[in-house]
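I opened my notebook today to look around a protein model, one corner at a time. Come along and keep the picture open beside you.

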Amino acid sequence: MDQNETDAVADLADRFLAGRRGWEPLILADEIRAESQRLPLGIRQFLVACRTAEEPVITVANLPVDEGLVPTPASWQVAEKEGAAVREELVLLLIASVLGDPFAWANQQNGRLVHDVCPARGQESSLTSASSETQLTLHTEDVFHACRGDYVALMCLRNPDRVGTTVAGLDSRSLPEPLREVLQQERFRFYPDDSHAVPPRYSGGRPVAREEREHEVASVLFGPADAPYLRIDADFTSALPGDAEAGKAMEECAELLNASAERVVLSPGEAVFLDNYRVVHGRDVFVPRYDGADRWLKRTSVVRDLRRTFVHTRSRSRVLG
Ligand SMILES: [Fe+2]
């Protein structure tokens with residue numbers, strides 16, 4: 001975006017917030033969707049063209065970030081309590097609403113529509129977005145669920161150490177035939193990740209063991225035969241018991257993805273929309289500072305049409321789970 005567009009987005013967000021009493025994104029989501037049609041024409045045309053072409057990675061730069069941005073919160077819980085960087089949340093939702101419908105998970109970050117991604121003490125080695133010193137393996141977001149997002153949306157507020165987001169896709173035409181065939185068959189179990197595995201009534205408790213979690217059985221490759229979509233998370237996908245061939249295929253698939261992974265380094269004001277059907281993503285290891293200057297992203301999940309979710313969950317809700 002050029003400076004005029006950046007200013008126009010900032011102005012749109014400021015006017016929207018000035019006309020409302022509080023910031024409750026779940027309640028305002030429908031209004032935000034309508035308001036997104038007031039974004040500059042160039043940005044809307046760009047996003048719609050990318051959506052139609054199913055671009056795997058869509059990047060938008062020069063989004064407005066407050067010059068007086070508060071220090072990076074110590075955790076998402078602190079960010080929630082302080083209502084940190086509200087205008088940036090709105091900007092992300094405005095842009096995301098051109099691509100589809102942002103939605104939330106009841107058991108992730110208290111059911112919030114926009115998450116804060118920042119390192120938290122004690123979580124350095126967890127398999128969640130609060131981690132830092134553990135590599136987040138390449139994964140499909142919310143791999144276990146039929147209503148997982150079409151896009152993972154990340155907007156960068158701060159990233160002084162240039163921590164990379166890793167992204168990888170598969171050119172299915174280059175897959176050897178036996179491997180491709182196995183990956184297209186329903187021989188895999190998809191489990192919820194740890195953020196979904198703490199029963200709500202035990203919040204703050206330990207996640208239940210992976211094998212005890214409810215899971216779906218499905219294929220890794222699915223959809224259009226000539227350019228299939230992808231679904232995999234090596235930490236939370238396994239072959240059906242006793243199916244060594246499927247197990248090997250999954251390992252090979254994960255290796256191919258690792259070998260083709262690219263790093264996307266986000267700068268403040270940059271947002272990236274990762275097509276969750278076409279690419280997997282992860283995050284580099286980094287040493288957290290815990291000094292208020294740590295990497296800080298806003299994140300939301302986007303489904304192309306919320307009605308798919310309404311049908312599956314039999315509920316007219318933007319919050320799943
Ligand atoms: Fe993720």
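Below are my entries on a metal site, a helix, a loop residue and some charged pairs.

**Ground rules.** I am working with a predicted model, where local features need pLDDT of at least 70 and side-chain atom pairs count only at pLDDT 80 or more, while totals for chains, interfaces and linings use all residues. I number residues from 1 along each chain as its sequence is written, and side-chain values use heavy atoms, with hydrogens and water left out.

**Entry 1: the iron ion.** Which protein residues are donors of the iron ion? I found His139 (NE2), Glu141 (OE) and His281 (NE2), lying 2.0 to 2.2 Å from the ion. Donors here are N, O and S atoms within 2.8 Å of the metal (3.2 Å for Na, K and Ca); water is not among the atoms, so sites may look incomplete. I wrote the spacing of the donor residues in sequence as H-x1-E-x139-H. The two histidines link distant parts of the chain: His139 sits in strand β4 (residues 136-139) and His281 in strand β14 (residues 279-283), 142 residues apart. I use DSSP runs for these names, numbered from the N terminus: helices are H or I with at least four residues, strands are E with at least two. I also noted that both His139 and His281 are buried. Buried means under 20% relative accessible area, exposed over 50%, and partly exposed in between (1.4 Å probe, protein chains only).

**Entry 2: helix α1.** I followed α1 through residues 3-18. Which of its residues are buried? They are Glu5, Thr6, Val9, Ala10, Leu12, Ala13 and Phe16. They cover an arc of only 160° around the axis, so they fall on the same side of α1; the arc is taken from the directions from the helix axis to the C-beta atoms. An α-helix has 3.6 residues a turn, so residues three or four places apart point the same way. Turned away from the buried side, I saw the exposed residues Gln3, Asn4, Arg15 and Ala18. The buried residues pack against α2 (25-35), α3 (41-52) and α5 (86-99), where contact means heavy atoms within 4.5 Å.

**Entry 3: Asp150.** I found Asp150 in the loop between β4 and β5 (151-158). Is Asp150 buried or exposed? Asp150 is buried, with a relative accessible area of 6%. Leaving aside neighbours within four places in sequence, the contacts of Asp150 include Leu274, Tyr277, Val302 and Arg308.

**Entry 4: charged pairs.** How many salt bridges does the structure hold? It holds 20, each a side-chain nitrogen of Lys or Arg within 4 Å of a carboxyl oxygen of Asp or Glu. I looked up these:

- Arg231 pairs with Glu216, the closest N and O atoms being 3.0 Å apart. Arg231 lies in the loop between β10 (229-230) and β11 (237-239) and Glu216 in strand β8 (residues 216-218), so the pair ties together parts 15 residues apart in sequence. Arg231 is buried at 5%, whereas Glu216 is partly exposed at 25%.
- Asp171 pairs with Arg173 at 3.1 Å between the closest N and O atoms. Asp171 is partly exposed at 37% relative accessibility, and Arg173 is exposed at 68%.
- Asp284 and Arg263 meet at 2.7 Å, N to O. Salt bridges that share partners also join Glu89, Arg112, Asp116 and Lys298 into one network.

Methods:
The expected span of a helix is 1.5 Å times one less than its number of residues.
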